[in-house]
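I opened my notebook to look up how the chain is built and what surrounds one of its pockets. My entries follow the order in which I looked.

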Amino acid sequence: MADMDPETATNTAGEEEPLFSNLDLFLFSLIVGLVIYWFMSRKQPEPIPEFKKLDTPTQTTRETSFVEKMKKTGKNIIVFYGSQTGTAEEFANRLAKDAQRYGMKGMAADPEEYSMGELGRLAEIENSLAIFCMATYGEGDPTDNAQDFYDWLQENDDENLSGLNYTVFALGNKTYEHYNAMGNYVDKRLEELGAKRIFDLGLGDDDGNLEEDFISWREQFWPAVCEHFGVEASGDESSIRQYELKVHSDVNMNKVYTGEIGRLKSFEVQKPPFDSKNPFLAPVTVNRKLNKAGDRHLMHLELDITGSKIRYESGDHVAVFPTNDSELVNKLGEILGVDLDVVISLNNLDEESNKKHPFPCPTTYRTALTHYLDITNPPRTNVLYELAQYASDPKEQENMRKMASSSPEGKALYQNWVLDSCRNILAVLEDMPSLKPPIDHLCELLPRLQARYYSIASSSKVHPNSIHICAVVVEYNTKTGRVNKGVATNWLKNKLVNGHKSTVPMYIRKSQFRLPFKASNPVIMIGPGTGIAPFMGFVQERGWLKQQGKEVGETVMYFGCRYKNEDYIYQEELEEAEKNSVLTQLNVAFSRDQDHKVYVQHHLKKNKEHIWKLIHTDNAHIYVCGDARNMAKDVQTAFYEIAEEYGSMTRTQATDYVKKLMTKGRYSQDFILQD
């Protein structure tokens, strides 16, 4: 009643008060109305609006199902490859091709392109077999294209692969700590998941003779497969072509590839993101010689990545796509007597194959030999075998077939005549005058020219729009009196700043070679020669962190070269860093400035008490970069000796101690072969 005005209150005084006032009736009606509304709204829910489905193309099974593809094409053998430099892919193609000679049908497959969860379904195909050619990359890691497969193997403990027949050939290098780790893991893991190994794991060592390892394994593998499946080899040893030639007499030159890795005209219209299939054309802004004297050429290049949206971290690798020397290409054209500027396509005879061409087509022979094919490495035995038919001299034909065989005499001949003599395909053609293969078959057989990797010599904190490369130009005399030149380093050497074609197709490959998360952790860097490259980035970054006011731990450098006055590269930068206390200690070994050789490991032993304190007490991180074959082993031995002496350990305990540092990410190594 407090809401009624005074006049209304006076008029009603003395009258009999009703049971419900007007206000009570109003509030009652409002409550009833709300209840009815709530009840009705529940009975008739608001219809959910229908959204029109987006018209997305449905993926066919054929695109990701290797089992369906094998059924459709009548194949029973699939060869998966994990490849970083192309060798594992090449071996996979050879094995797939071999299958036909043994009365079977095979296909090579990139695990990145297929659903590997279908491995268990291979049992649906009679006499089926999966072969895995798996290379190991970095610190025992899978190759980029096998990463998803590796993750799948790790995550699927409940997978039943009891119907899968398999074998593995592993590709690695004994100089690395994690020799053939990926191949060993795949072999063991498939067995754990119930798959049946039908032939022993093959181990290929690139530090020895990888080709011989593969041939020896392959020669025993195929008879074992035939015995397992109860089939007889067809005995067909004739050459089997995978591609057919098409010559384009009337073609729009705008549709012809001129060196692009992926998309046509991608070098004219650049679109991020940039990767191995879509490299960025980075202008060369600096190209200077680092060494003051001597017969070698050590160089420092800077690539401009402004506007590319490319990001990198200290320790990452830059991949560059080089081109072959035009002189070599012209000589190949002359010796084969062909017009290199004819526009051609090599089309896969298997229409169902994902790989339609061996390299981007249509293109010219000149472009193929310049941008797409490896013409500088010694040809593998399968190339010699296939080309032997084109030698008109019976003796030359016999020698080529012998070198491709698994006989001890044939292996020795291949080792001596091809590998030890460093004969590339041009040298083979020059030294076997009767050998005149059709150029299209030669182009089919030669492996792809691969990207070359360099440790980045800069920090993105200091140089966000620039990537630095440090490299030594490779050039040497062979036993045959020829001069062989490394493809990439000679190509980079000739890149003129702001000159014609002064761009470098490149992309970034991420690495595990990283500075410690805590800047206060000390770091010990060991990098003789061009092995100093990643440490130039590390030093720049530690200096930047100090400028930001961060607490930065001790930064110790061990560098080595031949002569102080000849090849002490980055001397000014290193001494400036030491002067500014960015480098707390700079140790340089000049191996030939005195009668006895002095290397980085000798300097390590000189400072062993300080090193032990940094490692054992101060939680230091150790980084080694450079020669994997000798230096890395000698440095590791030096750390064993330090642990033995100052940690009172046996050699076995010291070895385990260093291995634990590696496992914890406190002992990292970065080795890249340059050519």
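**Chain overview**

I looked up burial and found that 50% of the 675 residues in the chain are buried, meaning under 20% relative accessible area with a 1.4 Å probe and protein chains only. I noted that this is a predicted model, where local features need pLDDT of at least 70 and side-chain atom pairs count only at pLDDT 80 or more, while totals for chains, interfaces and linings use all residues. Residues are numbered from 1 along each chain as its sequence is written, and side-chain values use heavy atoms, with hydrogens and water left out.

For secondary structure I listed 23 helices and 23 strands, which are DSSP runs (H or I, at least four residues, for helices; E, at least two, for strands) numbered from the N terminus.

**Second largest pocket**

I then turned to the second largest pocket, an open set of points on a 1 Å grid where a 1.4 Å probe fits, with protein on both sides within 12 Å along at least five of seven lines. Its space comes to about 390 Å³, the volume filled by probe spheres set on the points. Its lining has 20 residues, of which His463, Met536, Val539, Gln540 and Glu573 are the closest to the centre; a lining residue has an atom within 4 Å of a point.

Which helix gives the most to this lining? I found that α17 does, with six residues.

Where does the pocket lie? It lies between domain 2 (269-321 + 451-511) and domain 4 (523-670), because both give residues to its lining; the domain bounds come from an automatic or database assignment.
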